[in-house]
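Student: I have a structure to study for class. Can we go through it by question and answer?

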Amino acid sequence: MVVHNDCLQDVPDIFETEIGESLATRTDGLGMIRELGPPDLCHIVKTHSSNKNEPEIGSYHHVLGADTSSSASLAAYINSLQYSLSDTPGWFGTSNSWKISSGTYCSYNAFSNVDLRVQIKIPGGVDAYIVTVQGERKEVSEDFWRECHISSFLRAILHSDPQAYSATGLRRVTPVRSPDEEARLADTLLRQFSAGWALGSNAETQAISTACNHLTDGLRRYFGGAGRFADYAADLLAPLTYASHKGVDPEIAALLADAYIHCDEEVQAVRVMHQALKAKPSCAPLLLVQAEFLRRKHQPVQALALARMAVKYAPSEFHAWAKLAHIYTDSGDFHRALLTLNACPMYTYVGRDLPRVPAPRRINYPLKSDILADYNLGEPYGAAGGNNAIRASVDSDAPGRVEEMAQNETSDILRLSAPTLNGTFAAAYRLLADIFGEVGWDELLMLRSQVFVMEEEYRNSAVPGAAVDDEEDGEGEGEGGGVDEGQDRDEDEVPLATLHQRAEIEGRTETSAKVSAEKTPATAPDAGPEPEAPAAAEHEVPAAAAADAAAATATEPEAPAAAGHGIPAVAEPETAAASAEQTQQAAQPKGKKKNKKNKGKKAQSPVEGEKSQQQQQPEDETKQPEEPAARAADSAIATLGDKMDDVSLSDNEAPTDSKATASTEPEAEAQPEAQPAVAAAPEPDTTAQVAAPRIAVLEPTDAPAAASSSTSNAQSLTADAPRPGIPQVRKRLCERWLDNLIMMLFEDLRAYTSWRSRLHNLRTTGQQVTYIFTQAEWESLGELSLRLHRPSDAKEAFEYALAIRFSAKAWMRLLEIYTGKFAEMQKKEVARYGVPVPMSVNSSEALLLALDAVVWLSVYNDRWYNNMVYPNPVCEHVVSLVRIHGLSKVRNSLVSMNLKPAVYNLVKGYFEFAEKFNVIGAQW
């Protein structure tokens with residue numbers, strides 16, 4: 001191994017081929033930055049002090065968490081690197097012939113979309129300037145330093161998890177080291193809070209606002225990770241909520257109420273929500289906070305009423321639909337839960353910004369041998385040793401590593417599609433997994449066939465008069481699961497169905513999955529039977545049949561393809577391919593007839609249009625028993641307005657026109673619906689009638705009755721109750737992305753069942769279990785078990801992964817299990833499958849196992865230059881242990897492990913943070 005004395009001792013060093021090429025590459029990539037920007041770049045130039053003929057060397061590394069509030073702090077950071085240069089041993093001590101002559105620190109300002117650069121010369125001066133996207137150079141103002149400081153702070157907070165974000169040569173440092181620095185940062189955040197919308201938002205938010213952006217997400221992560229919601233509410237949110245001269249800010253009040261709920265100040269939270277409701281009853285974030293509060297209080301009826309109102313006022317927001325689906329699942333109304341999930345708006349996932357760097361000449365990752373001597377992190381250094389739990393064994397067999405890598409390349413377990421999901425698609429998969437956990441796979445397939453149009457049914461619907469879906473009989477009829485819709489719509493208006501329900505219906509191709517027949521493995525007692533694949537004839541509509549729906553909705557614009565969101569398409573069934581041409585011929589006359597029908601609607605008078613609307617009630621709908629929770633929710637909506645003191649649920653600011661599309665504006669609100677046939681029809685509009693959106697409901701009479709602007713919302717919601725004894729089901733078209741998610745769930749179930757069956761057979765015959773899978777496969781099986789709500793099996797898989805070699809992912813998952821992150825999931829697993837009750841998080845055994853995981857992860861973080869004490873996932877779990885057991889017990893337990901002083905000092909920093917910032921449990 002060649003030792004270079006021009007490298008830094010404890011900081012990664014990436015050497016350039018030409019001096020300054022990393023700065024030029026960063027300048028060229030400024031126009032491609034989308035959100036918060038890449039990590040900070042620290043570039044240094046080294047010169048040889050004794051040999052003048054030695055050329056200068058340029059190197060750099062990336063930084064997260066450095067103080068960028070002034071040029072002095074950045075100059076101090078670069079000057080500190082002078083003491084990190086490797087020393088050369090000599091006769092009379094050590095010396096180093098390489099010195100840092102200059103350095104440049106780059107930090108991206110996400111508010112102004114420019115790059116701050118501070119150039120330091122040693123010895124010499126400091127020059128700070130701005131580089132724009134066009135490469136121009138400008139002066140730095142005082143406001144710019146404040147923006148740059150907040151941008152750097154948010155990057156350190158939101159990118160603090162090494163498993164979720166990593167870059168070449170990345171070093172992490174603590175952004176806030178003391179309460180005094182936090183107070184100064186809070187003052188800066190208060191002055192810059194109103195401009196937070198310029199930073200963008202997370203992947204699950206459509207409308208960016210002052211209270212929903214990366215700034216509020218970062219603050220909640222910073223204070224919530226340590227359980228300091230009381231400080232979050234008192235220091236930041238309370239002054240912002242009541243700072244406006246117009247009174248309380250409803251959106252910020254929603255954040256304040258949520259913080260009060262998490263710090264057990266529920267009375268204060270209810271008071272804040274009551275005041276905010278008076279200011280704006282149609283605030284969707286506030287309604288969602290109330291719905292979640294009632295759901296946790298086991299009041300699903302009232303929570304359901306509020307969630308449906310939130311969907312009404314924010315129809316384009318994924319959070320509102322997801323919350324409604326979650327509440328439906330908790331209420332046991334799985335039909336509506338599946339339909340609501342199908343109606344969720346899906347957004348294209350935008351990944352995080354990564355640094356663009358040129359090809360390096362070499363990279364130096366210095367080792368800290370004094371700490372790694374007793375801890376093997378899977379590298380050819382050190383030896384296994386340890387404490388109380390499973391230890392990573394040394395694997396120096398290079399041919400064995402090559403064989404393991406070859407096995408990973410052909411492994412079906414590592415090629416599962418579910419782990420690749422991001423953004424709204426990952427959240428939708430979790431909702432689908434929740435429904436599966438409650439009903440099981442067979443019942444999920446039955447629900448799917450009951451609420452969605454299957455392929456055979458769609459082919460039959462090509463014959464006139466045999467339609468199953470509501471493409472024709474739903475026109476002019478307002479329906480929605482508590483979501484008001486416009487009575488009439490303009491011809492050029494985009495219906496909500498086009499945006500959320502019928503993605504790429506016009507360009508839909510044959511993408512149904514054909515599940516090949518496989519041999520059923522021996523079934524373990526705890527694994528259950530092999531899941532049955534969805535039938536090809538009941539999976540997806542063919543392309544030719546989809547052309548009929550496209551002709552029926554010729555005036556609707558084509559929605560973006562779901563495949564563009566990163567969901568892989570599934571295999572095509574032979575049945576759909578064989579019947580595509582025949583179905584297209586049968587669908588052609590119907591499409592023409594439908595277009596003529598729409599044209600006739602434009603010419604008829606308003607009175608005739610009203611009569612035709614009432615005559616188009618469906619007669620061939622399947623009847624099903626009415627869900628008790630939905631029936632109770634309908635009655636709760638009617639009385640909700642009377643229970644709220646001086647709060648009018650009718651939004652005076654809501655427009656009274658007929659537009660009710662999924663708007664992308666921050667304050668987009670839906671309009672009152674058309675009344676069902678049993679209610680008195682309002683004054684007809686002269687606008688043309690188009691197909692009504694298909695909202696996730698079962699009964700067409702379940703929609704609230706339309707009311708005039710002078711009628712209160714509480715009175716209008718009394719017509720929401722369905723007609724007694726006549727519950728009806730209207731089938732919908734299943735979105736392609738949801739169909740693909742169901743197939744991903746089937747693939748996960750098949751892999752899980754095969755794994756448990758194989759494991760059971762090996763244990764029955766007394767064979768070795770550890771090495772039947774590679775470490776990567778064990779980790780994937782652990783993640784698979786968590787996706788399917790089997791934390792006990794996940795714990796077993798991660799332990800087997802650690803028995804092979806060290807794994808930071810496995811240790812982190814085990815730490816989450818030991819600290820109670822999956823406690824609710826474990827309770828449900830015990831109730832559903834009868835597995836043994838896991839150890840309590842309050843036990844001393846769980847504490848020692850958790851501290852053992854903390855030690856290994858702390859050594860791993862120090863090895864890869866993660867010196868960030870907080871925010872850090874490891875520190876967050878240490879704070880959880882302090883909150884459960886108390887700081888004294890946790891500290892004494894760590895002392896009893898007899899760690900080396902260097903390792904003990906790494907973990908002691910987490911305890912010092914708990915004391916400095918006075919987290920819960922630090923006083924006892």
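Student: How much area does the chain expose, and what share of it do carbon and sulfur atoms supply?
Tutor: First, the ground rules. This is a predicted model, where local features need pLDDT of at least 70, side-chain atom pairs count only at pLDDT 80 or more, and totals for chains, interfaces and linings use all residues. Residues are numbered from 1 along each chain as its sequence is written, and side-chain values use heavy atoms, leaving out hydrogens and water. Accessible areas come from the Shrake-Rupley method with a 1.4 Å probe, and for residues only the protein chains shown count as cover; the chain exposes about 38,500 Å², with a carbon and sulfur share of 51%.

Student: What percentage of the residues count as buried?
Tutor: Buried means under 20% relative accessible area, exposed means over 50%, and partly exposed is in between (1.4 Å probe, protein chains only). The chain has 924 residues. The buried part is 55%.

Student: How many helices and strands are there?
Tutor: Both are DSSP runs, numbered from the N terminus: helices are H or I with at least four residues, strands are E with at least two. The totals for the chain are 33 helices and 13 strands.

Student: Which strands pair with E2?
Tutor: Two strands pair if DSSP finds at least two bridges between them. E2 covers residues 40-48, and 8 of its 9 residues are buried, so the rest of the structure largely encloses it. On one count, 7 bridges join E2 in the antiparallel sense to E3, residues 57-64. Another 8 bridges, also antiparallel, join E2 to E6.

Student: Which residue in E6 stands opposite Val-45?
Tutor: Look at the pairing of E2 with E6, which is antiparallel. Opposite Val-45 stands Ser-102.

Student: What joins E6 to E7, and which turn residue has a positive phi?
Tutor: E6 (residues 98-109) pairs with E7 in the antiparallel sense over 8 bridges. One bridge partner pair is Thr-104 and Gln-119. The two strands form a hairpin with 4 residues between them, and the turn residue with a positive phi, about 60°, is Asn-113.

Student: Is E7 mostly covered or uncovered, and what is the bridge partner of Arg-117 in E8?
Tutor: E7 spans residues 114-121 and is mostly covered, with 6 of its 8 residues buried. It runs antiparallel to E8 (residues 126-131), joined by 6 bridges. In E8, the partner of Arg-117 is Tyr-129.

Student: Why is H15 called largely enclosed?
Tutor: H15 (residues 423-439) reaches 25 Å from its first C-alpha to its last. That is close to the expected 24 Å, where the expected span is 1.5 Å times one less than the number of residues. H15 is largely enclosed by the rest of the structure because its buried residues number 14 of the 17.

Student: Which residues does Leu-240 touch, beyond those up to four places away in sequence?
Tutor: Leu-240 lies in H6, residues 229-241. Leu-240 is buried, with a relative accessible area of 15%. Contact means heavy atoms within 4.5 Å. The residues touched are Leu-190, Phe-193 and Ile-252.

Student: How far is the C-alpha atom of Leu-240 from that of Ser-194?
Tutor: Along the chain the two are 46 residues apart. Their C-alpha atoms are separated by 9.3 Å.
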